[in-house]
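Good morning, everyone, and thank you for making room for me today. Please have a look at the structure with me, and we will go through its rings and then its overall layout.

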Amino acid sequence: EIISMREYFYNMLRTEVIANNKLKIVIIVRSAKSDFLQNKGDMDKRRWPKNFILNATTLFNKLLPTHDVVVFSDLNTTLMTCPLCQVEAFYNADIVIGMHGAGMSNIMYMKSGGIVVEVVPKFDSRH
């Protein structure tokens, strides 16, 4: 079922996505104030430090001018309510960086050969 859903979305994208030669880095951001956040009990543990996204985006843009840096935020209501937009963001991603959790589930839409960096803020026996 998951593979057929993935193929269904891929077929929709093939007619709509325009190729871009720049490599894409997607940074997944989780917000404590999002309407889409389900597990609010661990927000103090599983989110980026203050100013990380701004600093990381600036750093990536400076060090990797051949890459586009895209912030995938759960505060973006349009993105969060548009499954095809989410598929497109991850389909076009060459590198995805995110905190361990459900927000990483969209990596299933990445093309093969993509790089995933999953950050685990506090290591314990479950990881």
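Let me begin with K111, which lies over the face of Y91, at 4.9 Å from the ring centre; a charge counts as sitting over a ring if NZ of Lys or CZ of Arg is within 6 Å of the ring centre and within 35 degrees of the ring normal. I should say early that this is a predicted model, in which local features need pLDDT of at least 70 and side-chain atom pairs count only at pLDDT 80 or more, while totals for chains, interfaces and linings use all residues. Residues are numbered from 1 along each chain as its sequence is written, and side-chain values use heavy atoms, with hydrogens and water left out.

Now to the aromatic rings: those of Phe, Tyr and Trp (its six-membered ring) pair if their centres lie within 6.5 Å, and planes under 30 degrees apart count as stacked, over 60 as edge-to-face and the rest as tilted. By this rule there is one aromatic pair. F72 and F90 form it edge-to-face, with 5.0 Å from centre to centre and 70° between the planes. The pair links distant parts of the chain, since F72 belongs to strand β2 (residues 67-73) and F90 to helix α4 (residues 83-91), 18 residues apart; helices (H or I, at least four residues) and strands (E, at least two) are DSSP runs, numbered from the N terminus.

Are these two rings buried or exposed? F72 counts as buried because its relative accessibility is 6%, and F90 is buried with a relative accessible area of 0%, where buried means under 20%, exposed over 50% and partly exposed in between (1.4 Å probe, protein chains only).

Finally, the layout: the protein has four helices and four strands, which follow the pattern α-β-α-β-α-α-β-β along the sequence.
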